[in-house]
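I opened this notebook to keep track of two topics: charged pairs and enclosed space. The entries follow the order in which I looked things up.

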Amino acid sequence: MRDYSILAEKARTLRLNTLDMILKAGSGHIGGSFSIAELITALFYGKMNLGDGPEDRDRDRFILSKGHANPILYSVLIDIGWIDEKEKDTLRRLGSPLQGHPDSLKCPCLDCSTGSLGQGLSVGVGMALGLKKQGRKGMVYVVTGDGELQEGICWEALMFASSSALDNLTVIVDRNHLQLSAPTEKTNGLDDLGAKMRSFNLSVSEIDGHCFSDIFSALDKDSQGKPKVIIADTVKGKGVSFMENRVEWHGALPNKEQADLAYKELGGRRNG
């Protein structure tokens, strides 16, 4: 049985570790990392089959298509032992395995290099197809941003996933309604995203992306042989009051006073 209180504490800790890393680096994407904290916690600590580690060919795969939110993914991979903890303070540094966007050449435990928005979903579809053809049971989980879905390549990938009946693919949309410099609906509106996804003959759930009960209900749902899409309504900058739903916290760095307040609201303190 999943203990939601333990998972909530894990999400809080991941936010703190992410903040530590970004402040140490002097740059990074806090808002989009914090909006997926519960989603990534549910996947890695309650849903995914991690097998015997990154070299296990039968484990589940994970792609962070919105690659700029990688600090929180690194926080997870350090926590589960796939990345050495000594690398925590090297985010975005020259030669570090923890690059500004996920780089699987420098960090081999990553399943995919991402950063060019839209491409991660296509790679995930290819992985899911490959696992099917090889007769392997591994699932593929892809986290995308809602702004990312303005890329046409995403819809081509979803069309192919549907026509290929890739029921081993789960796409989670971080629907925080904000992108780099403006709300998504004022940039290139997605309108009724659920209806769009259903029109592609996908198994669609629309949930509160910070509610573990909702998240696991959607993850465990029988997709009836279809690829699964979970539209997770989230809050950019979730967990820190002055960051929540503020577009400027896409990639801004807090000053000392703001950082102190962020740590206080997250129930922790700054390391170093």
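Entry 1. I looked up Arg2 in this predicted model and found a relative accessibility of 30%, so Arg2 counts as partly exposed. The limits for that class are 20% and 50%. I then looked for a partner and found Asp220, whose side chain meets that of Arg2 in a salt bridge, with 2.7 Å from N to O. This pair links distant parts of the chain, 218 residues apart. Arg2 sits in the segment before helix H1, which covers 4–25, and Asp220 sits in helix H9, residues 212–220. I noted Asp220 as partly exposed too, because its relative accessible area is 41%.

Entry 2. I asked myself which residues are joined with Arg2 into one network by salt bridges that share partners. They are Lys47 and Asp220.

Entry 3. I went on to helix H1, where Arg12 and Glu9 both lie. They are three residues apart, about one turn of the helix. Arg12 forms a salt bridge with Glu9, and I wrote down 2.5 Å for the closest N and O atoms. Arg12 has 26% relative accessibility and so is partly exposed. Glu9 has a relative accessible area of 38%, so I put Glu9 down as partly exposed as well.

Entry 4. Next I checked Arg175 and Glu185, whose side chains meet in a salt bridge at 3.0 Å, N to O. Arg175 belongs to strand S3 (residues 169–175) and Glu185 to helix H7 (residues 184–188). The two are 10 residues apart, and the pair is listed as linking distant parts of the chain. Is Arg175 buried or exposed? Arg175 is buried, because its relative accessible area is 7% and the class takes values under 20%. Glu185, at 37%, is partly exposed.

Entry 5. I wanted the total for the structure, and the count comes to 17 salt bridges. I added a reminder that side chains of opposite charge can pair when their charged atoms come close.

Entry 6. I turned to enclosed space and found one cavity of 30 Å³ or more. The largest cavity holds about 120 Å³ of space. It is lined by 17 residues, and the closest to its centre are Phe62, Leu73, Cys109, Leu110 and Asp111. I sorted the lining by kind and got 13 nonpolar, one polar and three charged residues.

Entry 7. Which elements each supply at least two residues of that lining? I found strand S1 (61–64) and helix H4 (70–79). S1 gives the largest share, three residues.

Notes: Residues are numbered from 1 along each chain as its sequence is written. This is a predicted model: local features need pLDDT of at least 70, side-chain atom pairs count only at pLDDT 80 or more; totals for chains, interfaces and linings use all residues. Side-chain values use heavy atoms; hydrogens and water are left out. A salt bridge is a side-chain nitrogen of Lys or Arg within 4 Å of a carboxyl oxygen of Asp or Glu. Helices (H or I, at least four residues) and strands (E, at least two) are DSSP runs, numbered from the N terminus. Buried means under 20% relative accessible area, exposed over 50%, partly exposed in between (1.4 Å probe, protein chains only). On a 1 Å grid over the protein atoms alone, a cavity is a set of points where a 1.4 Å probe fits but cannot get out, and a pocket is an open set with protein on both sides within 12 Å along at least five of seven lines; lining residues have an atom within 4 Å of a point. Grid points are joined across faces, edges and corners, and a volume is the space filled by probe spheres set on the points. Ala, Val, Leu, Ile, Met, Phe, Trp, Tyr, Cys and Pro count as nonpolar, Asp, Glu, Lys and Arg as charged, and the others, Gly among them, as polar.
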